[in-house]
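Reader: Hi! I'm new to reading protein structures, and I'd like a close look at one part of this one. Could you pick a spot in chain B and walk me through what is packed against what?

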Amino acid sequence: MKLQAVSDDEPRLGRLINIGLPYLWLGLFFLLPFVIVLRISLAEPALTQPPYTALWEWVDGMLEIRLNLRNLQLISEDSLYLQALLNSLWVALVGTLGCLVLGYPMAYAIATAPERQRVPLLMLIILPFWTSFLIRVYAWIGILNANGLLNGFLLWLGVIDEPLKILHTQTAVYIGVIYSYLPFMILPLYANLTRLDRTLLEAAADLGCRPWCAFRRITFPLTLPGVIAGSMLVFIPVVGEFVIPDLLGNPGSLMVGQLMWTEFFANKDWPLAASLAIVLLAILVVPFVIMQRLQQENEMN
Amino acid sequence: MANGTPSRRPLEPWQDPKARPYVRIDRVTKRFGDIYAVDDVTLEVYQGEFFSLLGSSGCGKTTLLRLLAGLEYPTSGRIYIDGVDVTEVPPYFRPVNMMFQSYALFPHMTVEQNIEFGLRQDRLPRRERMERVNEMLELLRIAPLRKRRPDQLSGGQRQRVALARSLAKHPKLLLLDEPLGALDKRLRENTQFELVNLQERLGTTFITVTHDQEEAMTMSSRIAVMEAGQIRQVDTPTAIYEFPNSRFVAEFIGSVNLFEGKIIDLQGDDVLIEAQFGGLMRMRSLQPHPIGTPVVVAIRPEKLRLCPTPPNNGRVNQLQGVVEDIAYLGDVSIYRIRTPSRLLVEMTLTNTQPRTEQVLTWDQEVWVEWSPTSGVVLTD
């Protein structure tokens, strides 16, 4: 009897571990840090170690809870923060669209290439990852500089008379973002496109649909999951991007990532930086949750 | 052909020298690398036909269909549809629709939208499109499924939707690639008749591809038997069965006994053949052959007659042997008879009496005989 009870429990234990591990992982490395950041965002900066005040204190047998909401107020009122947020969203939007416009044809070309060529072509997309991200962004300074490779080449061609000012402009940020995040767009699109049933396109052609129409009505709608996945993989990290705007961007138009860095390390205002992080998270998460809800409802019907 | 089914019309179009073919395939070859998928095929199909391309897999039948649809272009040769040279015309400009073997239904569209797809390309007004969609839904009795997506349909339902979609544009020519291939046996048999009724009602010319000879026999007005990219015989189902023009066709359709031999005498319409099994055969020959020609006599198992005693016909067209195998199939029984020369002869007998006792038993000695018109004399 006892033996049976053990063997009965075993699968349950296995299942618990199976489900438990990812939850534990998420709890430890996502939920807990989030709670810590949320907690810091409600504190006040202090010249202590760590540099913020406690949220509650026992004073004469009374529990004093002090929640500082001034940071949220500041973020919503000071145009610096609002502008940085808008700028971040804008750069992410341009970057995502740029990656999509460049990445879709590339993914399509790889997916429709002869089977033997696909792996080498994919390798070319993944190859840049073998170099440090930081070095690759630095390399763009060398390319976009006033006396860099690009200007040198254009001057040599005679297309321009004096060097273009690209480095430390918004354009340089767009270029850096699109360059760095392009593989994140291509890979999910490629995965989606290779799964596309070619006979569907033949059926469309047979029913009178020219190639462009077949793309518009069959290929694109069916690869929409890939477009969405790729766009999320680009958009979300770019909003919080720090390295690219810091190295290539215009110091006059900051992104949220840079502001957070300044608040954390230069101004030692951890609560303000944490508040920015929370606001950013809310801006990113809320629309996606709503979207997912709508999608689920759509599928239910 | 002479022994064909009683025809509906006095003259079938392929017998009428004045009839104009609706589809004409003129010496078409399609090569993939150094493989000849379709090898110098010439074929004419007439308006209103239910034409089947029959062959085992890899014989080029699907490639030929795809050439007609415009999904492949021939390496050489021309294709004419309704008198127009369409050899280089892309699929979206051809007056042809195709039903794909995998059905190729658009997974992100409802049944209704799938059917409507081709009509949108024709820029028909919405009202007309909806009328046509309804017509198709009614025709194939799938109206209750109109809002479903392909993944919510059964195999049989998908087949109907695919058929509805390919018929929605009222094509003059419909190509069907293994239309019943994905259905189970029972459903396939019912659908065969439905497909023929549909074709007769609409008057559309159907060209189907199949590897199933029974399917081709039941449905087709004519069959083209293909092998290795070439057409071996084009004829009505009856003619293909009764008068195969080659050993390949005879063996491909149904079962057949092949007796090899040599012509030793000509007797009017008949030829006298010295058979390898050691007897004589007198057979009606459709073509004249000179004495000494090596031939194969093909006789269907049901054309053989069983005699419990030695037949009295001068030792011509008869065999003696013992029963080696009996397969009881309910309506008929198949007997395999081994001759002293180790030849295995197959014959079928209809079980007209309740099978209370064996007509024949294993190892029983029997005689088999046949008439001069019960088979064909083949040289190839």
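Author: Happy to: what follows goes through one strand of chain B, then the sheet and helices of that chain, and ends with a quick visit to chain A.

One thing to keep in mind is that this is a predicted model.

Let's start with strand β8 of chain B, which covers residues 205–210. Is β8(B) buried or exposed? Count along the strand and you'll find 6 of the 6 residues buried, so the rest of the structure largely encloses it. You can check this one face at a time. On one side sit Thr205(B), Ile207(B) and Val209(B), and on the other Phe206(B), Thr208(B) and Thr210(B); all of them are buried, so to speak for both faces of β8(B), they are covered.

Now, which strands pair with β8(B)? One is β3(B), residues 50–54, joined to β8(B) by 5 bridges and running parallel to it. Another is β7(B), residues 173–177, also parallel to β8(B) and joined to it by 5 bridges. A handy residue to click on is Thr208(B). Its bridge partner in β3(B) is Ser52(B), and Leu176(B) stands opposite Thr208(B) too.

Chain B also has an open sheet of 4 strands, and here the pairing is antiparallel. Reading across, the order is β2-β1-β4-β5. At the edges are β2 (35–45) and β5 (84–85), each of which pairs on one side only. Further in, β1(B) (residues 23–32) and β4(B) (residues 76–81) pair in the antiparallel sense over 5 bridges. To find that pairing on screen, look for Asp26(B), whose bridge partner in β4(B) is Arg78(B). A helix covers part of this: α1(B), residues 61–69, lies across β1, β2 and β4 of chain B and runs at about 65° to β2(B).

Next, a pair of helices. In chain B, α2 (residues 111–121) packs on α3 (residues 126–139) at an angle of about 130°, with the axes 9 Å apart. That angle is why α2(B) counts as oblique to α3(B). Their crossing is right-handed. From α2(B), the contact uses Glu112(B), Ile115(B), Glu116(B), Leu119(B) and Arg120(B), while α3(B) brings Arg129(B), Arg132(B), Val133(B) and Met136(B). Sorted by class, that contact has 4 nonpolar, no polar and 5 charged residues.

Chain A has a helix pair to set beside it. Helix α7(A) (residues 170–194) and helix α10(A) (residues 224–239) have axes that come within 8 Å and cross at roughly 155°. The two helices are therefore roughly antiparallel to each other. Here, too, the crossing is right-handed. Residues of α7(A) in the contact include Tyr181(A), Phe184(A) and Leu189(A), and among those they meet in α10(A) are Val227(A), Leu233(A) and Val238(A). By class, this contact has 14 nonpolar, 3 polar and no charged residues.

Last stop: where do the two chains touch? The contact takes 13 residues from chain A and 15 residues from chain B. On the chain A side, the elements giving two or more residues are α8 (198–206) and α9 (211–222). Of these, α8(A) gives the most, with 6 residues. That side of chain A has 8 nonpolar, 2 polar and 3 charged residues.

Note on methods:
Residues numbered from 1 in each chain as written. Chains lettered and ligands numbered in written order. Predicted model: local features only at pLDDT ≥ 70, side-chain atom pairs only at ≥ 80, totals over all residues. Axes fitted to C-alpha atoms, helices over the stretch in contact; angles between N-to-C directions. Parallel < 35°, antiparallel > 145°, perpendicular 65-115°, else oblique. Left-handed = near helix turned anticlockwise from the far one by under 90°. Contact = placed C-beta atoms within 7 Å. Nonpolar A, V, L, I, M, F, W, Y, C, P; charged D, E, K, R; others polar. Buried ≥ 20, exposed ≤ 12 C-beta atoms within 10 Å, placed from the backbone. Pairing = 2+ DSSP bridges.
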